[in-house]
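Here are a few friendly notes to read with the model open beside you. I have kept each point short so that you can check it as you go.

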Amino acid sequence: MAEDDGQPARPVTFYELLGGTEQVRALVDRFYDIMDSDPRASEIRVMHPQDLSGSREKLYMFLTGWTGGPQLYIERFGHPFLRRRHLPFSIGEGERDQWMYCMIKAMNDLGIEESVMLKLAEALYGVADFMRNRQDPGSN
Ligand code: HEM
C-alpha cells in the first residue's frame with residue numbers, strides 16, 4: 001500500500017500522466033510533423049505558416065499549461081482567447097477532424113498508454129469542436 005504522506009488527495013494531471021514537459025514537446029513535434037507530411041491533413045496544413053516553428057512553440061507552451069503543467073503560454077502572451085484567435089480560419093467538422101487525426105496519430109506514434117490517450121483525446125476533441133466557426137450543410 002502507498003504510504004500516506006498526510007497530503008490531501010489531489011487529482012493527477014494529464015501533464016503528469018504524459019510524463020512532463022519533454023513528452024508534451026515530443027507530442028507537439030510529432031503532431032506538426034504529421035500535419036506537414038500527411039495528405040489527410042492538407043486542408044489544415046495550408047492554413048498554417050510555411051515555417052511551423054512558431055506554431056510548434058505556441059502549441060507546446062499552450063498544451064503544457066492546459067494539461068496542468070506550468071502556464072508557459074499565459075506567462076508569455078496572456079489569456080489565449082483561443083476561439084477568437086481561430087476565427088480568421090474557416091473551421092468546420094472536416095478541419096476539426098483533421099486536427100484530431102494528427103493528434104491521435106501523434107499520440108499513437110509516441111506510444112502513450114491507451115487509457116491516457118482516450119481521455120486526452122476526448123478532452124482535446126472538446127476544444128477542437130469548440131473551435132468550429134463554420135456551419136456545414138447537414139451538420140449540427
Ligand atoms: C479544430 C481545428 C484547428 C485548426 C484548423 C487550427 C488551426 C490553427 C491555425 C491556422 C493557427 C494559426 C497559425 C499558428 O499560430 O500556428 C492556430 C493557432 C493556434 N492553435 Fe489551432 N487549430 C485547431 C484547433 C486547435 C486546438 C484544439 C488547440 C488547442 C488544444 C489549438 C491551439 C492553438 C494555439 C495555442 C495557437 C496559437 C495561438 C496564438 O497565435 O498565440 N488549436 N491554429
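1. Where does Asp4 lie relative to helix 1 (14-18)? Asp4 belongs to the segment before that helix. Please keep in mind as you look around that this is a predicted model. With a relative accessibility of 66%, Asp4 is exposed, because the cut-off for that class is over 50%. If you would like a landmark, try Met61: 57 residues separate Asp4 and Met61 in sequence, and their C-alpha atoms are 33 Å apart in space.

2. Now for the overall picture. The protein has eight helices and zero strands, so a walk along the sequence reads α-α-α-α-α-α-α-α. Its C-alpha trace spans about 55 × 30 × 30 Å along the principal axes. The protein has 140 residues, and 36% of them count as buried. Among contacts with a separation of 6 or more, 71% come from residues 24 or more positions apart.

3. Helix 2 and helix 7 deserve a look together. Two packed helices are described by the angle between their axes and the distance between the axes. Here, the axes of helix 2 (residues 21-37) and helix 7 (residues 93-109) come within 8 Å and cross at roughly 125°. The two helices are therefore oblique to each other, and their crossing is right-handed.

4. Which residues of helix 2 and helix 7 meet? Helix 2 brings Leu27, Arg30, Phe31, Ile34 and Met35. From helix 7 come Trp99, Tyr101, Cys102, Met103, Lys105, Ala106, Met107 and Asp109. Sorted by character, the residues of this contact are 10 nonpolar, no polar and three charged.

5. You will also want to visit the iron atom of the ligand. Which protein residue serves as its donor? That is His86, through NE2 at 2.0 Å, and this is the only protein donor of the iron. On the chain, His86 is found in helix 6 (residues 82-86).

6. One last stop is Thr67, in the loop between helix 4 (53-66) and helix 5 (72-77). Is Thr67 buried or exposed? Its relative accessible area is 6%, so Thr67 is buried, the limit being under 20%. Setting aside neighbours within four places in sequence, Thr67 is in contact with Thr13, Phe14, Tyr15, Leu18 and Val24. Set beside Asp4, which counts as exposed, buried Thr67 makes a handy contrast when you colour the model by accessibility.

Note on methods:
Residues are numbered from 1 along each chain as its sequence is written. This is a predicted model: local features need pLDDT of at least 70, side-chain atom pairs count only at pLDDT 80 or more; totals for chains, interfaces and linings use all residues. Side-chain values use heavy atoms; hydrogens and water are left out. Axes are lines fitted to C-alpha atoms, for helices over the stretch in contact, and angles run from 0 to 180 degrees between N-to-C directions. Helices (H or I, at least four residues) and strands (E, at least two) are DSSP runs, numbered from the N terminus. Angles under 35 degrees count as roughly parallel, over 145 as roughly antiparallel, 65 to 115 as roughly perpendicular and the rest as oblique. A crossing is left-handed if the near helix is turned anticlockwise from the far one by less than a right angle, and right-handed if clockwise. Contact means heavy atoms within 4.5 Å. Ala, Val, Leu, Ile, Met, Phe, Trp, Tyr, Cys and Pro count as nonpolar, Asp, Glu, Lys and Arg as charged, and the others, Gly among them, as polar. Donors are N, O and S atoms within 2.8 Å of the metal (3.2 Å for Na, K and Ca); water is not among the atoms, so sites may look incomplete. Buried means under 20% relative accessible area, exposed over 50%, partly exposed in between (1.4 Å probe, protein chains only).
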